[in-house]
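Here are a few exercises to work through with the model open in your viewer. Try each task yourself, then read the steps below it.

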Amino acid sequence: MTALSQDPTVTSSDWTIETLHAAFERQRQEHLRAGPPDLALRRNRLDRLGAALAGNADALVRAISADYGNRPLAGALAAEVLLQLEDIRSTKKSLATWMKPRHPQPRYLRAAGLATGLKAWVEPTPLGVVGVIAPWNFPVALAVQPAIAAIAAGNRVMIKMSDLTPRTAEALRSAIAAHFDPAEVTVVTGDLDIATAFSSLPFDHIFFTGSPAVAKHIQRAAADHLTPVTLELGGKSPTVLAPDADVAKWAKRIVKARLANSGQLCLSPDYVFVPRARVNAFLTAAEDACRKALPTVADNTDFCTIINDNHFRRISALIEDARKRGATVREVIPAGERLPDAATRRIPFTLLTDTTPDMEIMQEEIFGPVLPVVPYDTVDEVIDEINSRPVPLGSYWFGPDSADFRRFVARTRSGGVTRNDFALHASLAGLPFGGVGNSGTGYYHGQYGFETFSHLRAVAVSPNAFSPVSLLSPPFNPVLEKGLRSVVGLWSKRLGKKATPHHRPKGTT
Ligand code: NAD
């Protein structure tokens, strides 16, 4: 191990293209030299990652809050630190089982029925050097969560932090540098030039969390090295208040969900469908819930500010565009402060009605404390509307279990679904978390994360007496060919009977 103080990538937070390449090369060489880490070393790395987080929790959440302007510390402690510590605990517990070779059932070992005595198994092996690219909105959580899975799978990890959270990036860099040789795990900080160079490194896997627009650049850069990518993206997550739902109860929960991180959350309910006759009741209940949650806005440390001026202007422009095109805008400002306030980047919770699909706010992921309320008459109308849009990361249904709910799940697409809550499907380690289509590619969390960062390597041992694959090589024996023909004939007869017209594609006889 190189002493930490001798390594330029640790003592300096000023990353250059040269130090970036050197850090990558060192991780790769060390991975090749040392081979796959054993269970004890993986667990030890996870412990060190936990210690880096727990021991620096206060510094990390204060850095996040400073990057935001104000972000409530309790929420940040829960989401950025504690959830990761719990993830480390449960990963360590399951790791021995995940790492074990897996043996296929004997019936799959007969090599097309032609030979017995084969041995075969699957070995989950590390991929090598993994690049993790994190967004600004949960800068520690979304850097560390994939790193936990990548370390568990035996990889070396380089993490690139967002340029929009420089204080957090530096705090995490120094916390990790104090516990890891940079050949094991290192945190890269810097601007977009460094980000671009980072995504061009010949990683064995890139794990990107961010917007669909930037994901296209990442995928293009990765294509040059045929580097596989996991893309954890966002989108407009639709929310449905069911026809038979308790309006007051669920309006409160939907508003609380939208207020989390002031809507700057990939799984935030982006807009809500409400039965037409219940829109007024929903608006009243939503305003009431917001007033109770945030009686003041301007001086309230429970209020999460918008990350930067660009995003403040972007969200304000979305509201203005909707207002100009005929939307009704209801700002919830219980204490009557002058808001929105550009100087402190505080936008009050805002309900929109009378929106139309062509408004920018109904097309772009809002990522702010704004909630369009869309009236509907039938559930089919809701399903059609959702299916006419890019596939979202999450979708929500509030109301009892019903045939409508089942149809909603069966007939729409999204990364995951939660009923009667927000983001629950993404919080349970036993469920895969990931998007589909425009909201992403691939999964992680729990064993799904371990497998994302593993190569499932097939190992087979031939029986000595006979090689089944020798059937593919010359010389070909006419007797064998005859035998094979009769086997194909038997298959043809059997399948011919099963392939009744009902199952045949139209137009074939
Ligand atoms: P972003 O796409 O702007 O940036 C993500 C990361 O990519 C940052 O680290 C950034 O520095 C880097 N980056 C930007 N341009 C780059 C380039 N050309 N080459 C290489 N790297 C580049 O996303 P953001 O604004 O940081 O985050 C918000 C988005 O992330 C939203 O769309 C949100 O829904 C999504 N998100 C998704 C999840 C999820 O788990 N699926 C979680 C949080 C956020």
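A salt bridge here is a side-chain nitrogen of Lys or Arg within 4 Å of a carboxyl oxygen of Asp or Glu. This is a predicted model, so local features need pLDDT of at least 70 and side-chain atom pairs count only at pLDDT 80 or more, while totals for chains, interfaces and linings use all residues. Residues are numbered from 1 along each chain as its sequence is written, and side-chain values use heavy atoms, with hydrogens and water left out.

**Exercise 1.** Find how many salt bridges link domain 1 and domain 2, and describe the contact between the two domains.

*Solution.*
- Start with the bounds, which come from an automatic or database domain assignment: domain 1 is 12–233 + 446–456, and domain 2 is 237–426.
- Next, take the C-alpha centres of domain 1 and domain 2, which sit 32 Å apart.
- With contact meaning heavy atoms within 4.5 Å, domain 1 puts in 12 residues and domain 2 puts in 18.
- Now the buried area, that is, the accessible area (1.4 Å probe) that two parts lose on being put together, summed over both. Domain 1 and domain 2 bury about 1200 Å² between them, with 56% of it on carbon and sulfur atoms.
- Tyr-68, Asn-70 and Trp-136 supply 47% of what domain 1 buries against domain 2, more than any other three residues.
- Finally, the count of salt bridges between domain 1 and domain 2 is 0.

**Exercise 2.** Count the salt bridges in the structure, then work out which parts the Arg-28 to Asp-204 pair ties together.

*Solution.*
- The structure has 28 salt bridges.
- In the Arg-28 to Asp-204 bridge, the closest N and O atoms are 3.2 Å apart.
- Arg-28 belongs to helix α2 (17–34) and Asp-204 to the loop between α8 (192–199) and β5 (205–209), so this pair joins parts 176 residues apart in sequence. Helices (H or I, at least four residues) and strands (E, at least two) are DSSP runs, numbered from the N terminus.

**Exercise 3.** Which residues line the largest cavity?

*Solution.*
- A cavity is a set of points on a 1 Å grid over the protein atoms alone where a 1.4 Å probe fits but cannot get out; lining residues have an atom within 4 Å of a point.
- The largest cavity is lined by Asp-87, Thr-91, Trp-98, Gln-145, Ile-148, Ala-149, Tyr-444, His-445 and Gly-446.
- Then map the lining to helices: α5 (73–99) and α6 (141–152) each supply at least two of its residues.

**Exercise 4.** Where do the prolines of two cis peptide bonds, Leu-339 to Pro-340 and Pro-474 to Pro-475, lie?

*Solution.*
- Both bonds have omega near 0 degrees.
- Pro-340 is in the loop between β9 (328–331) and β10 (350–353).
- Pro-475 is in the loop between β15 (454–461) and α16 (478–498).

Conventions:
On a 1 Å grid over the protein atoms alone, a cavity is a set of points where a 1.4 Å probe fits but cannot get out, and a pocket is an open set with protein on both sides within 12 Å along at least five of seven lines; lining residues have an atom within 4 Å of a point.
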